Amino acid sequence: QVQLQESGPGLVKPSQTLSLTCTVSGGSITTTYYAWNWIRQPPGKGLEWMGVMHYDGSTDYSPSLKSRTSISRDTAKNQFSLQLSSVTPEDTAVYFCASRPVVSTVYDYWGQGTQVTVSS
C-alpha cells in the first residue's frame, strides 16, 4: 500500500517561499510510468492542480503558477518537494500530494493534506 505524507510549515509570510515535502512509502517515486503531483484547495474553492514530477525526473507545471513553482525530488529519501515563491494570502490552501499512472487521469493515492496559511 502506497502512502503519501505532506510536511512543511503551516504559516508563511507574504512574499516568502512556501516549501513542502511529500514523503512516499510503500512505493518508489522512480516507479516507471508514475507521476507525482501537487494539488491544492483554497478555502471554499475546488481542487487546483499545481504541477507534477514524473518518474523520470521531468516536470510540468500549471501555466498559471509556472513562474512561481518548482518541484524537485530526492530519490534517496523517496521524497518530492514543492516550492512556491512570492506567496500572497491567495495562496492559502490545503496542499495535497497525489500519485497517478502517467497514462491515467485518476489519482490513486493521496496524502492527507496540509493546511498552509499565508499571513503576516
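In the predicted model, Glu6 of strand 1 stands opposite Cys22 in strand 3, a position within the antiparallel pairing of strand 1 and strand 3, which extends over five bridges. Strand 1 comprises residues 3-7, and its side chains alternate between two faces: Leu4 and Glu6 point to one face and are buried, whereas Gln3, Gln5 and Ser7 point to the other and are not buried. This arrangement follows a general pattern, because in a regular strand the side chains alternate between the two faces of the sheet.

Cys22, the residue opposite Glu6, forms a disulfide with Cys97, the two sulfur atoms lying 2.1 Å apart. Cys22 lies in strand 3 and Cys97 in strand 9, so the pair ties together parts of the chain that are 75 residues apart in sequence. The torsion about the S-S bond of Cys22 and Cys97 is about 70°, and the disulfide is therefore right-handed. Cys22 has a relative accessible area of 0% and is buried; the value for Cys97 is likewise 0%, and this residue too is buried. The structure holds one disulfide.

The chain as a whole contains 11 strands and zero helices. For its 120 residues, a compact globule would have a radius of gyration near 14 Å, and the value of 13 Å found for the chain agrees with this expectation. The C-alpha trace spans about 40 × 25 × 25 Å along its principal axes, and buried residues make up 40% of the 120 residues. Of the contacts with a separation of 6 or more, 54% are accounted for by residues 24 or more positions apart.

The largest nonpolar core has 25 residues, of which Leu4, Leu18, Val24, Trp38, Phe80, Leu82 and Tyr95 touch the most other members. Two or more residues are given to this core by each of strand 3 (18-25), strand 4 (34-41), strand 5 (48-54), strand 8 (79-84), strand 9 (93-101) and strand 11 (114-118), and the largest share, four residues, comes from strand 3. The surroundings of Val24 can be described in more detail: when neighbours within four places in sequence are left aside, Val24 is in contact with Val2, Gln3, Leu4, Ile29, Trp36, Asn78 and Phe80. Among these contacts of Val24, Leu4 and Phe80 also belong to the group of core residues that touch the most other members, and Leu4 is one of the buried residues on strand 1.

Strand 5 is mostly covered, with five of its seven residues buried, and it takes part in two antiparallel pairings, with strand 4 over six bridges and with strand 6 (residues 59-61) over three bridges. In the pairing of strand 5 with strand 4, the bridge partner of Arg40 is Glu48 in strand 5. The hairpin formed by strand 4 and strand 5 has six residues between the strands, and within this hairpin Gly44 takes a positive phi near 75°. On the side of strand 6, Met53 stands opposite Thr59, and the hairpin of strand 5 and strand 6, with four residues between the strands, includes Gly57 at a positive phi near 95°.

The loop that follows strand 6 and leads to strand 7 (69-74) contains Ser64, which counts as exposed at 55% relative accessibility. The side chain of Ser64 makes a polar contact of 3.0 Å with the side chain of Ser62. Ser64 and Gln79 are 15 residues apart along the chain, and their C-alpha atoms are separated by 25 Å.

Towards the C terminus, strand 11 takes part in pairings of both senses, being joined in parallel to strand 2 (residues 11-12) by two bridges and in the antiparallel sense to strand 9 by three bridges. Leu11 has Thr117 of strand 11 as its bridge partner, whereas Ala93 stands opposite Val116 of strand 11. The side chains of strand 11 also alternate, with Thr114, Val116 and Val118 pointing to one face and buried, and with Gln115 and Thr117 pointing to the other face and not buried. Val116, the residue opposite Ala93, is thus on the buried face of strand 11, while Thr117, the partner of Leu11, is on the face whose side chains are not buried.

Key. Residues are numbered from 1 along each chain as its sequence is written. This is a predicted model: local features need pLDDT of at least 70, side-chain atom pairs count only at pLDDT 80 or more; totals for chains, interfaces and linings use all residues. Side-chain values use heavy atoms; hydrogens and water are left out. A nonpolar core is a set of buried Ala, Val, Leu, Ile, Met, Phe, Trp, Tyr and Cys residues joined through side-chain atoms within 4.5 Å. Buried means under 20% relative accessible area, exposed over 50%, partly exposed in between (1.4 Å probe, protein chains only). Contact means heavy atoms within 4.5 Å. Two strands pair if DSSP finds at least two bridges between them. A disulfide is a pair of cysteine sulfur atoms within 2.5 Å. A polar contact is a pair of N or O atoms within 3.5 Å; within protein, one must be able to donate a hydrogen and the other to accept it, and residues adjacent in sequence count only if both atoms are side-chain atoms. The radius of gyration is taken over C-alpha atoms; the globule rule is 2.2 Å times the number of residues to the power 0.38.
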